[in-house]
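This report walks through a single protein chain, beginning with one residue and widening to the elements around it. Please keep the sequence and the coordinates at hand while reading.

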Amino acid sequence: IGHVGKGSGILAGTFSVAMESAGASSGCEDRLLERGRVCLVRGAWEEASDTLGKALAEAVQKHGEMHPQTASYYVAYADALFALAKQEADVFQGSSKGKEKEGMDGQEDAPNDDDQEEEEEEEEEGDNDEGEQEEEETDLDLAWKMLEVAKLIHEREGKKDVSELVDVHLKLAEVSLEREDYDACMVDLDRAGELLESDENKDERMLASVFFRKATALQLQGELPDALENCLTAIRIFENRCSALGHVLESPSETDGAIIRQTEQELEEMSDIIHELKEKANELREALKIEEKAKVALKQAFGLPMETKEPVTKESAPVESTGFDAPMLNANTAPAQVKNLGVVGRGKSRVTPVPVTPTERTVEEPSIRSMEGKDPPGGPPTEEDVEQALKKRRLTPSKEKDPA
């Protein structure tokens, strides 16, 4: 309904058949509305949907799509569509469970090739039908649209009595919860609570209903602590309401007999509601305990540290090291002494190298002529000296004549 603000085309294609039938019997929208509400009470969802659809079509034709008098028709038709959608969902869930049970009870014979071909053709036809159905609007989607239009009408009207607008927000939250759109559900519930809190003549029962619906939505999301808190808030509101009604019964002389009977009936209803809410709160407490036990079991299974309430001091903190980082020591820890492990490598002692200074001469220079042409001490070597040197090295002198 992106073009709702323009006030045209909201119901295009939705009530075409109903508009045709409404043209012949214009002016009976009120009777159709009452008849449709009776069908809702009896549980005849199909008949209620058809009747209320015709009533809305006549109201729109008479007053216009966004007229304030059509808001109640939108809401009533949305109620019928929502009830019909829930019925279809329940039937679908029941049929799926029945098929699963049949599959577990016994196994069918293996189909032959002809049967498989027929099944494949049927599946293809079914896929095409499903694609067409996905394009069509579901009853749940249409109910949401009708409520959105009613909400826009009430917001434009700006009545001081916000009960009708709050009721629309509560119905929108219920539709969103059925669609598992929890964020949208919480937005509508928060808005309903804000409207009730700002109203001077706020309905306490409706306000408690808002908190209870919040508890239900939060429980479905797994937010058990918040769900329990909202449930306890609803209980407190109902208990305060019962206390106020008790004060009315304490002075019967000042009140009318009809008011007393009405007050006693409301007290009885409130007592039953409080009892159910307390059972709901106990259920949430048990769920919290089970969740806590599951967390403890998982930590024990994976060896994770358990949470303790004792404060961790600097002295009692364990030494932690990550990778190759040096471990952190406490202030009371004494430094470790270095232990001598002796000489490494088969017990042999190692020679400590001593650096040689330029003035020291460790290697004896050969007794030969220097590069400068100067003779060594003792004069040049003789031929006898050379022959003796060769004998020492066990070498035979060459008999060839030196070419020089």
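## A buried cysteine

In this predicted model, Cys231 has a relative accessibility of 0% and therefore counts as buried, the limit for that class being under 20%. Cys231 is placed in helix α10. When neighbours within four places in sequence are left aside, the residues in contact with Cys231 are Ala215, Leu277, Lys280, Ala281 and Leu284.

A further relation across the chain involves Lys278, whose C-alpha atom is separated by 8.3 Å from that of Cys231, although the two residues are 47 residues apart along the chain.

## The nonpolar cores

Which residues touch the most other members of the largest nonpolar core? Within this set of 35 residues, they are Val166, Leu170, Leu189, Leu196, Cys231, Phe238 and Leu284. Two or more residues are given to this core by each of α7 (163-178), α8 (182-198), α9, α10 and α11, and the most come from α10, which supplies 10 residues.

Leu196, one of the residues that touch the most other core members, is in contact with Val166, Lys202, Asp203, Met206, Leu207 and Val210 once its neighbours within four places in sequence are set aside. There is also a second, separate core of 34 residues, and among its members are Leu52, Ala71, Ala78 and Leu172.

## Helix α11

Helix α11 covers residues 257-301, and its length can be checked against its geometry. At 1.5 Å a residue, its 45 residues should span 66 Å, and the end C-alpha atoms are 66 Å apart, so the expected and computed spans agree. The buried residues of α11 are Ile260, Thr263, Glu266, Leu267, Met270, Ile274, Leu277, Lys280, Ala281 and Leu284, and the buried residues of this helix pack against α9 (204-220) and α10 (224-250).

Leu298, which is also found in α11, has a relative accessible area of 51% and is therefore exposed, since that class begins over 50%. Together with Phe302 and Leu304, Leu298 makes a nonpolar surface patch of about 350 Å². Gly303, which follows α11, has a positive phi, near 70°.

## Salt bridges

Side chains of opposite charge can pair when their charged atoms come close. The structure holds 14 salt bridges, and three of them are described here, beginning with the pair formed by Lys278 and Glu239, in which the closest N and O atoms are 3.8 Å apart. Because Lys278 lies in helix α11 and Glu239 in helix α10, this pair ties together parts that are 39 residues apart in sequence. Both partners are partly exposed, Lys278 with a relative accessible area of 42% and Glu239 with one of 34%.

Arg179 forms a salt bridge with Asp141, and here the closest N and O atoms are 3.7 Å apart. Arg179 lies in the loop between α7 and α8, whereas Asp141 lies in helix α6 (residues 139-157), so the pair ties together parts that are 38 residues apart in sequence. Arg179 counts as partly exposed at 37% relative accessibility, and Asp141 counts as partly exposed at 25%.

Lys151 and Glu148 form another salt bridge, with the closest N and O atoms 3.3 Å apart. Both of these residues lie in helix α6, 3 residues apart, which corresponds to about one turn of the helix. Are the two partners buried or exposed? Lys151 is buried, with a relative accessible area of 16%, and Glu148 is likewise buried, with a relative accessible area of 16%.

## The chain as a whole

The protein chain contains 12 helices and 0 strands. Of its 404 residues, 25% count as buried, and its accessible surface comes to about 30200 Å², of which 50% belongs to carbon and sulfur atoms.

Among the contacts in the chain between residues at least 6 apart in sequence, 64% join residues at least 24 apart. The contact list of Cys231 offers an example from within the chain, since this residue of α10 is in contact with Leu277, Lys280, Ala281 and Leu284, each of which is listed among the buried residues of α11.

Methods. Residues numbered from 1 in each chain as written. Predicted model: local features only at pLDDT ≥ 70, side-chain atom pairs only at ≥ 80, totals over all residues. Heavy atoms only, no water. Patch = residues over 30% accessible without salt bridge, like charges linked within 9 Å, V, L, I, M, F, W, Y side chains within 5 Å. Areas by Shrake-Rupley, 256 points an atom, 1.4 Å probe, with all protein chains shown as cover. Salt bridge = Lys/Arg side-chain N within 4 Å of Asp/Glu carboxyl O. Helix = DSSP H or I, 4+ residues; strand = E, 2+ residues; numbered from the N terminus. Buried < 20%, exposed > 50% of the residue type's maximum accessible area, 1.4 Å probe, protein only. Expected span 1.5 Å × (residues − 1). Contact = heavy atoms within 4.5 Å. Core = buried A, V, L, I, M, F, W, Y, C linked by side-chain atoms within 4.5 Å.
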